[in-house]
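This report concerns helix packing within one chain and the contact between two chains. The sequence and the structure are shown first.

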Amino acid sequence: MKKLAIMAAAVVALTSFTSSGYKVGDKAMDFKLKNTDGRMMALTSLDNTKGFIVVFTCNHCPVAKAYEDRIIALDKKYAPKGYPVVAINSNDPSQVPEDSFENMQKRAKEKQYTFPYLFDETQTVAKAYGATCTPYVFVLQKTGDDYIVKYIGAIDDNRDDATQTKNKYVEAAVDALLANTPVTITNTKAIGCGIKWKS
Amino acid sequence: MKNIKRAGLALFISIVSFTSSHVSVVSFEQLKQEAALKHNDTLYVVNFWATWCDPCVKELPYFQNAYKKFNTRKVKMIYVSLNSLKDLPKVEKFADDNDLKPKVLLLNASDPNVWINGIDSSWSGALPATALYRSGKKLYFHEGDFTQDKLNDLIQSKIK
């Protein structure tokens, strides 16, 4: 009986572990999602990459908006070095019409996104990765055929003023990977808009 | 000259902090003093929200209803806005228009990476979020919104 209880506890622990998404060191799954240009896109669709800066973001969230230009700057700086940005919107547009696919297309055009902006309509990617809010970043490193999670969390430590940041977490992580050194800060947090899950 | 500048800055900061009787701007340490470190029987319901967070705005009335329903000597609501400091007038207007009581704070804390874990290590940073404290102890934390019934049941179960 006692054994059964321990087993049950282990199963509960395991379930809560897997449902909480990736941790640093985990293999991340590839996905196939619709880009704002109408084409389906996977991580494997991009050539000459060493990894990816996967950003869960959206149109409506003020925090995501505050980071838009910084996300564009990340892609400009790191895509040529092999770490392009891949942006994903996982919000349910029936709750937030501003985050519909059509509005994603508009935003990508207005802001002249240089990176894919993908629609995670079924929310399976956000769930598998464990994204909870926007913006939320996963830095992945390509190792053979695998994508290994190297960093999870915030872009930097100052949402209100990009010029006042003390720690540019994502840049530091990608710089470390490019220099073949360990990423020092692998997990961070920031206030964001909760992803609007389908009920 | 430097001193005058400093005095001016201090005055500016104190004006920003104290002009509103409704919304106080607090540091993380001050927030802990307000909510987590009071040694009395009162249950402090600390709700983290922002004017731009729709699910937050939707659930605020549930907290207000609960505040009316329960003995206000035993239950106190603290609404902690995570709007930017520049949004203070917006938060004040919202608090006024919606009669948020008894306490509304705007948390002005740098390095969210530290203080979010200081509230709860399971908190991802998504809003809304709610923590319950009494006598210096955290009794409960929840990331996400509530229904009225769930909130009432929770408070009922924690009240002394």
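## Helix packing and the chain contact

In this predicted model, helices α3(B) and α6(B) are oblique to each other. The angle between them is about 40°, and their axes lie 10 Å apart; an angle of this value is therefore neither under 35 degrees nor within 65 to 115, which is why the pair counts as oblique. Helix α3 of chain B spans residues 54-69, and helix α6 of chain B covers residues 148-158. The crossing in which α3(B) passes α6(B) is right-handed.

The residues that meet in this packing are listed by helix.

| Helix | Residues in the contact |
|---|---|
| α3(B) | B:Tyr62, B:Phe63, B:Asn65, B:Ala66, B:Lys69 |
| α6(B) | B:Gln148, B:Leu151, B:Asn152, B:Ile155 |

By class, the contact of α3(B) with α6(B) consists of five nonpolar residues, three polar and one charged.

The second topic is the contact between the chains. Chain B contributes 15 residues and chain A contributes 13 residues. On the side of chain B that touches chain A, the elements giving two or more residues are α5 (112-119) and β5 (126-127). Of these, α5(B) supplies the largest share, four residues. The residues on this side of chain B comprise eight nonpolar, six polar and one charged.

Strand pairing also links the two chains: strand β10 of chain A, residues 192-194, pairs with β5(B) in the parallel sense over two bridges. Within β5(B), B:Ala126 is the bridge partner of A:Gly192.

Conventions:
Residues numbered from 1 in each chain as written. Chains lettered and ligands numbered in written order. Predicted model: local features only at pLDDT ≥ 70, side-chain atom pairs only at ≥ 80, totals over all residues. Axes fitted to C-alpha atoms, helices over the stretch in contact; angles between N-to-C directions. Parallel < 35°, antiparallel > 145°, perpendicular 65-115°, else oblique. Left-handed = near helix turned anticlockwise from the far one by under 90°. Contact = placed C-beta atoms within 7 Å. Nonpolar A, V, L, I, M, F, W, Y, C, P; charged D, E, K, R; others polar. Pairing = 2+ DSSP bridges.
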